[in-house]
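Biologist: Could you take me through this model and explain the labels as we go? I would like to see the reasoning behind each one.

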Amino acid sequence: MREINNNLHNLCEEKLEVGKIGSFVKNLFKTKNPDDMIESASKGGLQKTLGAFDLIILGVGAIIGSGIFTVVGIAAAGSPESAGAGPALVVSMILASLACVFSAMCYSEFASMIPVAGSAYLYTYATLGEFLAWIVGWVLMLEYLVGYIAVASAWSGYLIQFLKGFPFLPSFITNPPIWLINDYSSAVSTLTKQGIDPTTVIPTIAGIPISINLPAVLVTVFMAAILVKGIKESTNMAGIMVVIKLAVIALFVFTGMFYVKPQNWVPFAPNGFEGIFMGAFIIFFAYIGFDAIATAAEETKNPQKNLPIGIIGSLATCTIVYVLVGLVLTGMVPIGQIDTHAPIAHAMRAVGQDWVAGLISLGALTGLTSVLLVLMLAGTRILYAMSRDNYLPTILKTVHKKFKTPHIITVLVAIICMFGSMFLNISTAAELCNFGTFTSFIIVCIAVIILRKTDPNRKRPFRVPFCPFFPLLGVICCGGLMIYSMQFLTTSRFLFPLWLVIGVLIYFGYGYKKQRKIEKDEK
């Protein structure tokens, strides 16, 4: 009898243990009903002020900027870790846009169906469960905040170049100490190339070297102030900047076309498929932005109609502009002479059009500013959605009583961006941003296929055509570029998994426990 009791006791313990494991796994993949998301969002207090045109402006503001004014040169000429596409840059651009267009349609279906702030984070929550939703949200943080840091670094460089055009300004403004306009690694690299010992130039506090990208810090403070003030004011500012930079780009295209030499397009693909694919990976950073439109869903009037128009319209507009710029740039300057820091302005100086180069520098500042605005907007809205779901401290979801914006989150994001600009250089930040974006795009494409099966009767104002083939093509395009690039990149290939590990630790250390506590209290 004692043996029977022991066996029953052991069996019960085993069932209890299996039950705990089953409950744990069930919690990880617990989904959230889209109707509950929409109902929760209706109580959030964010003001609906954006129309289709406002969304296109936001998208163009985010997309056109970093790519044309900085990354396009790296994609064409190459970098220490990747081969350049050469004149085949236009093919790289088309490949990158194809990788985007399938994902853009998936974003449009979700955004019109679940018009709630949170973008891919909430789309994943509705289909794949809370754990993968957290991972996607964490990856989106990488995309937007690290992307912001990359663009802020480029903005800082263009500002200094622009100020150098005014000889009457004091030397400490036109030629400031290198440790005041660069992150630490960039400052060390620049000084080393000049044959200068960094320890003799970069100051230290308690033995710790201090290097602060002051222009990036100041522009971040300005961006945060604009976003706290209000979303409509932010889009109005973005609209003005978009008009200016499109005018400057048009000036470059129409002036530069007269200096195009067809022999510069030969050989068309000097590094073959490797150069084209790596060029597509690098230039993909220039397309980041259309998905940021989905993060403003809660502040959009008639989101079921306007969100798909904004997402696809901004992507189509920017692709046309990119191809024109790529053709003119590679036709004006031989590949070996393309400047990777300010390629368009340098191309104009190469043909003696200094006044156009000056206007392009001004346009670059304007364009990069609009990108900064939208990237910070997107980052704050993702954090807002995650805090509303209690995966982050609830204080972060506080909305300003007067401005109706998540002001605490905005200030926090600004502090993170200012801190990050002290450590990450532009190339590493752009690569990390791409890895995050590819990951979120792949998951959104998969999520569309899953929700078509699990909730086929839900109203979809916009439907991805030829599903599941188009979403699968999105997975193949994004996954292929991501996997192919990993064999050539080193630093970002290490940092991206590290970022994921940190996210998993935060989820199990805080988010998972908080969710289970809330569920227990509700019972």
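**Reading the labels**

Modeller: Happily! The chain's secondary structure comes to 19 helices and four strands. Please keep in mind that this is a predicted model.

Biologist: Let's start with cysteines. What makes Cys478 a residue in no disulfide?

Modeller: A search of the whole structure finds zero disulfides. For Cys478, the nearest cysteine sulfur is that of Cys445, 6.0 Å away. A disulfide needs two cysteine sulfur atoms within 2.5 Å, so a pair at that distance does not qualify.

Biologist: And why is Cys478 called buried?

Modeller: Its relative accessibility is 0%, and buried means under 20%, so the label fits. Cys318, also at 0%, counts as buried.

Biologist: What makes the pair Glu109 and Arg452 a salt bridge?

Modeller: Their side chains meet at 2.8 Å, N to O. The cut-off is 4 Å between a side-chain nitrogen of Lys or Arg and a carboxyl oxygen of Asp or Glu, so this pair passes. In general, side chains of opposite charge can pair when their charged atoms come close.

Biologist: Why do you say that Glu109 and Arg452 tie together parts of the chain?

Modeller: Because Glu109 lies in helix α5 (residues 89–113) and Arg452 in helix α17 (residues 426–454), the pair joins parts 343 residues apart in sequence. Both Glu109 and Arg452 are buried. Glu109 also forms a salt bridge with Arg460, with the closest N and O atoms 3.1 Å apart. Arg460 is in the loop between α17 and α18 (469–486), so that pair ties together parts 351 residues apart in sequence.

Biologist: How do you know that Arg458 is buried but Asp455 is partly exposed?

Modeller: Arg458 has a relative accessible area of 15%, while Asp455 has 22%. The boundary for buried is under 20%, and partly exposed runs from there to 50%, so the two receive those labels. Arg458 and Asp455 form a salt bridge, the closest N and O atoms being 2.7 Å apart. Salt bridges with shared partners join Glu109, Arg452 and Arg460 into one network.

Biologist: What makes the side chain of Thr220 a polar contact partner for the backbone oxygen of Ala216?

Modeller: The side chain of Thr220 reaches that oxygen at 2.7 Å, and the limit is 3.5 Å, so the distance condition is met. Thr220 is found in helix α10 (residues 214–229) and, at 1% relative accessibility, counts as buried.

Key. Residues are numbered from 1 along each chain as its sequence is written. This is a predicted model: local features need pLDDT of at least 70, side-chain atom pairs count only at pLDDT 80 or more; totals for chains, interfaces and linings use all residues. Side-chain values use heavy atoms; hydrogens and water are left out. Buried means under 20% relative accessible area, exposed over 50%, partly exposed in between (1.4 Å probe, protein chains only). Helices (H or I, at least four residues) and strands (E, at least two) are DSSP runs, numbered from the N terminus. A polar contact is a pair of N or O atoms within 3.5 Å; within protein, one must be able to donate a hydrogen and the other to accept it, and residues adjacent in sequence count only if both atoms are side-chain atoms.
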